[in-house]
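Colleague: Please take a close look at a single part of this model, the barrel, and tell me how its strands are joined and what surrounds them.

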Amino acid sequence: MFAAEFEPATTSGRRRSPRAPVSLDARIGLGGMGRALCKVVDISIHGARLQTYTALKKNGVIWLTLPEVGQVAADVMWADDFVAGCQFHAPLEPSTLEHLLARGA
């Protein structure tokens, strides 16, 4: 069992669950465009904020490969230069989120 201290990121009331700051190296599958590296900078069971090296487009669908978790399908909800917010197609399991928080602390 993993334990991690959790401090929710600031929310504006639009999120279904609070996000916690992390620093996780990940990859983005961009459909027919291959894969790109990214960093997950905050995460919740419903989504994440990414720092990317490839500009993403709002309303795009990506495959986010999380360390030791694997691929997670997500919709790009917003994108601004090389930062984007995504919403997972299926929520992460709470135990998976705890593991990622411990790893990315």
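Modeller: Among contacts in the protein with a separation of 6 or more, 48% are between residues 24 or more positions apart. The model is predicted. Its secondary structure comes to 1 helix and 6 strands, and along the sequence these follow the pattern β-β-β-β-β-β-α.

The 6 strands close into a barrel, in the order 1-2-3-6-5-4 and with antiparallel pairing. From one strand to the next, the twist averages 45 degrees. Helix 1, residues 94–103, packs on the sheet and touches strand 1, strand 2 (35–43) and strand 4. The direction of helix 1 makes about 105 degrees with that of strand 1.

Strand 1 is a convenient place to follow the pairing. Strand 1 and strand 2 run antiparallel and are joined by 8 bridges. One position to inspect there is Ala26, whose bridge partner in strand 2 is Cys38. Strand 1 (residues 20–29) also pairs with strand 4 (residues 61–66), again in the antiparallel sense, over 3 bridges. On that side, Ile28 has Leu64 of strand 4 as its bridge partner, and Gly29 stands opposite Trp63 in strand 4. In a regular strand, side chains alternate between the two faces of the sheet.

Strand 5 (residues 70–80) contains Val72. With a relative accessibility of 10%, Val72 counts as buried, because the cut-off for that class is under 20%. Apart from its neighbours within four places in sequence, Val72 is in contact with Ile62, Trp63, Leu64, Leu66, Phe88 and Leu92. Of these, Trp63 and Leu64 have already come up in the pairing of strand 4 with strand 1: Trp63 stands opposite Gly29, and Leu64 is the bridge partner of Ile28. Val72 can also be placed relative to Pro91: the two are 19 residues apart in sequence, and their C-alpha atoms are 9.4 Å apart in space.

Two loop residues complete the view. Ser44 sits in the loop between strand 2 and strand 3 (47–52). Ser44 is buried, since its relative accessible area is 3% and the class is set at under 20%. A polar atom of the Ser44 side chain lies 3.1 Å from the backbone nitrogen of His46. Leaving out residues up to four places away in sequence, Ser44 touches Ser17, Pro18, Arg19, Phe88, Leu92 and Leu97. Phe88 and Leu92 are also among the contacts of Val72.

Thr54 belongs to the loop between strand 3 and strand 4. Its relative accessible area is 28%, so Thr54 is partly exposed, the class between 20% and 50%. Residues up to four places away in sequence aside, Thr54 touches Leu30, Ala36 and Phe82. Thr54 and Val83 are 29 residues apart in sequence, with 9.3 Å between their C-alpha atoms.

For the protein as a whole, 39% of the 105 residues count as buried. The exposed area is about 6,400 Å², and carbon and sulfur atoms supply 52% of it.

Key
Residues numbered from 1 in each chain as written. Predicted model: local features only at pLDDT ≥ 70, side-chain atom pairs only at ≥ 80, totals over all residues. Heavy atoms only, no water. Pairing = 2+ DSSP bridges. Helix = DSSP H or I, 4+ residues; strand = E, 2+ residues; numbered from the N terminus. Axes fitted to C-alpha atoms, helices over the stretch in contact; angles between N-to-C directions. Contact = heavy atoms within 4.5 Å. Buried < 20%, exposed > 50% of the residue type's maximum accessible area, 1.4 Å probe, protein only. Areas by Shrake-Rupley, 256 points an atom, 1.4 Å probe, with all protein chains shown as cover. Polar contact = N/O pair within 3.5 Å; in protein donor to acceptor, adjacent residues only side chain to side chain.
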